[in-house]
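Visitor: I have a structure open in front of me and I'd like to learn how to read it. Could you walk me through it, feature by feature?

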Amino acid sequence: MRTSSDEEIIIHKENKLRAWFTQGLSEKDRIIDGFDIGWGGTARWATSLLAEHLVPHKNLAILDVACGYGTFLVELGWRFPLAELIGLNLDFDPPHNNIVSLLSQGEVKAHLISADALQLPLISEKFDCVSCFLGLQDIIITRGKESLVDVVSELLRTVSHQGFLTLLDNFSKQSFENILSQQSLEYDLVFHDSFKPNCQWSREVGLKAVEMYAQGYLQQQLDSNNPPDDNHKALTEIRKKMLSELENQLETQGYYNPWGIMRLVLLQRL
Ligand SMILES: C[S@@+](CC[C@H](N)C(=O)[O-])C[C@H]1O[C@@H](n2cnc3c(N)ncnc32)[C@H](O)[C@@H]1O
């Protein structure tokens with residue numbers, strides 16, 4: 001059973017990892033980059049839900065797809081210390097190579113695989129749990145929105161009988177339902193809910209974050225099947241869209257939360 005001391009231990013690990021991750025940065029950059037560790041409580045919310053369904057401290061095989069530099073993978077390692085972990089990402093070129101030192105600082109071991117989520121080089125029904133944390137939104141950039149039904153089918157294919165698939169992204173309920181309704185493999189929908197991350201940034205922090213995120217978004221577009229012809233124009237458009245969202249949020253709620261509401265769906269494969 002999960003206890004409040006389990007949560008306190010994980011909060012302590014997050015704080016320690018965040019201090020390392022943001023060392024030497026300016027105050028604004030510390031706030032922005034520091035958010036990646038734990039995502040304002042979202043990672044703890046999601047992994048504690050998984051722990052209710054998977055038996056913690058049992059030998060589990062867990063795959064985290066679009067793991068980036070491993071901020072969710074490290075939390076999976078803390079929550080399931082005896083699990084065999086695999087992190088999969090399109091590439092582990094910079095900045096994603098930071099995953100190696102991040103996992104090492106977090107004292108979590110994982111195998112890393114470079115591959116496309118659309119075609120996983122993994123056998124079917126292998127994993128007790130497959131997760132994709134804020135990965136689908138990036139897969140839209142690299143492979144297009146229409147790829148999501150196939151990507152989710154591919155993730156479900158690798159889940160064992162009675163195993164779990166958890167998808168976490170800032171999509172609407174309707175968008176998730178649309179993707180799930182087109183799956184041919186059978187599953188039970190165990191949980192579908194949303195979470196508001198603890199993130200209330202000022203305009204100053206928001207402006208700096210928009211600059212950082214717009215650059216990251218452009219980089220993803222350049223790695224995609226359909227890269228922009230004019231980088232400068234693409235960056236200006238992304239920035240404009242993000243700035244308009246920032247202004248809208250500041251006006252309506254008085255702060256900026258770049259990722260909005262997180263939505264989690266948990267499926268159990270039949
Ligand atoms: C922002 S990260 C998501 C956060 C990450 N899960 C974490 O815990 O820190 C999204 C990742 O998706 C990866 N990605 C994009 N398209 C992909 C694809 N088709 N297959 C696999 N990974 C992909 C990107 O390289 C990026 O690292």
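Visitor: Let's start with helix packing. At what angle do helix 2 and helix 9 pack?

Guide: The general idea first: a pair of packed helices is described by the angle between their axes and the distance between the axes. In this predicted model, helix 2 (residues 27–35) and helix 9 (residues 203–222) pack at about 65 degrees, and their axes are 10 Å apart. Helix 2 passes helix 9 in a right-handed crossing.

Visitor: Which residues of the two helices meet there?

Guide: From helix 2, look for Lys-28, Ile-31 and Ile-32; they meet Glu-204, Val-205, Lys-208, Ala-209 and Met-212 of helix 9. Sorted by class, that contact of helix 2 with helix 9 has five nonpolar and three charged residues, with no polar ones.

Visitor: And how do helix 9 and helix 10 pack, in angle and axis distance?

Guide: Read that pair the same way. Helix 9 and helix 10 pack at an angle of about 145 degrees, with axes 9 Å apart, and their crossing is right-handed. On the helix 9 side the contact includes Arg-203, Val-210, Tyr-213 and Tyr-217, while helix 10 contributes residues including Leu-235, Ile-238, Met-242 and Leu-246. The residues of this contact divide into twelve nonpolar, three polar and two charged.

Visitor: What about Asp-230, is that buried or exposed?

Guide: The trick is to count C-beta neighbours inside 10 Å: 12 or fewer means exposed, 20 or more means buried. Asp-230 has 9, so it counts as exposed. You'll find Asp-230 in the loop between helix 9 and helix 10. Its C-alpha atom is separated by 42 Å from that of Phe-191, and the two residues are 39 apart along the chain.

Visitor: How many C-beta neighbours does Thr-236 have inside 10 Å?

Guide: Thr-236 has 13, so it counts as partly exposed. Thr-236 lies in helix 10, which covers residues 231–253. From Thr-236 to Leu-266 is 30 residues in sequence and 37 Å in space, C-alpha to C-alpha.

Visitor: Now the other extreme. How many residues of helix 4 are buried?

Guide: Eight of its nine, so helix 4 is largely enclosed by the rest of the structure. Among the buried ones are Thr-71, Phe-72, Glu-75 and Arg-79. The buried residues of helix 4 pack against helix 1 (4–21), helix 3 (42–53), helix 5 (98–105) and strands 1 (61–65), 2 (84–89) and 4 (127–133).

Visitor: There's a ligand too. Which residues are closest to the ligand?

Guide: Of the 20 residues that surround the ligand, the closest are Ala-66, Gly-68, Thr-71, Phe-72 and Ala-117. Helix 4 (71–79) and helix 6 (136–143) are the elements giving two or more residues to that shell. Helix 6 has the largest share, with four. By class, the shell has ten nonpolar, seven polar and three charged residues.

Visitor: Zooming out, how many helices and strands does the protein chain have?

Guide: Ten helices and seven strands. The radius of gyration is 18 Å, close to the 18 Å the globule rule gives for 270 residues, so the chain is as compact as a globular protein of that length. Along its principal axes, the C-alpha trace spans about 45 × 40 × 35 Å. Buried residues make up 36% of the 270. Finally, take the contacts between residues at least 6 apart in sequence: 77% of them join residues at least 24 apart.

How values were computed:
Residues are numbered from 1 along each chain as its sequence is written. This is a predicted model: local features need pLDDT of at least 70, side-chain atom pairs count only at pLDDT 80 or more; totals for chains, interfaces and linings use all residues. Axes are lines fitted to C-alpha atoms, for helices over the stretch in contact, and angles run from 0 to 180 degrees between N-to-C directions. A crossing is left-handed if the near helix is turned anticlockwise from the far one by less than a right angle, and right-handed if clockwise. Two residues are in contact if their C-beta atoms, placed from the backbone, lie within 7 Å. Ala, Val, Leu, Ile, Met, Phe, Trp, Tyr, Cys and Pro count as nonpolar, Asp, Glu, Lys and Arg as charged, and the others, Gly among them, as polar. The radius of gyration is taken over C-alpha atoms; the globule rule is 2.2 Å times the number of residues to the power 0.38. A residue is near a molecule or strand if its C-beta atom, placed from the backbone, lies within 6 Å of it.
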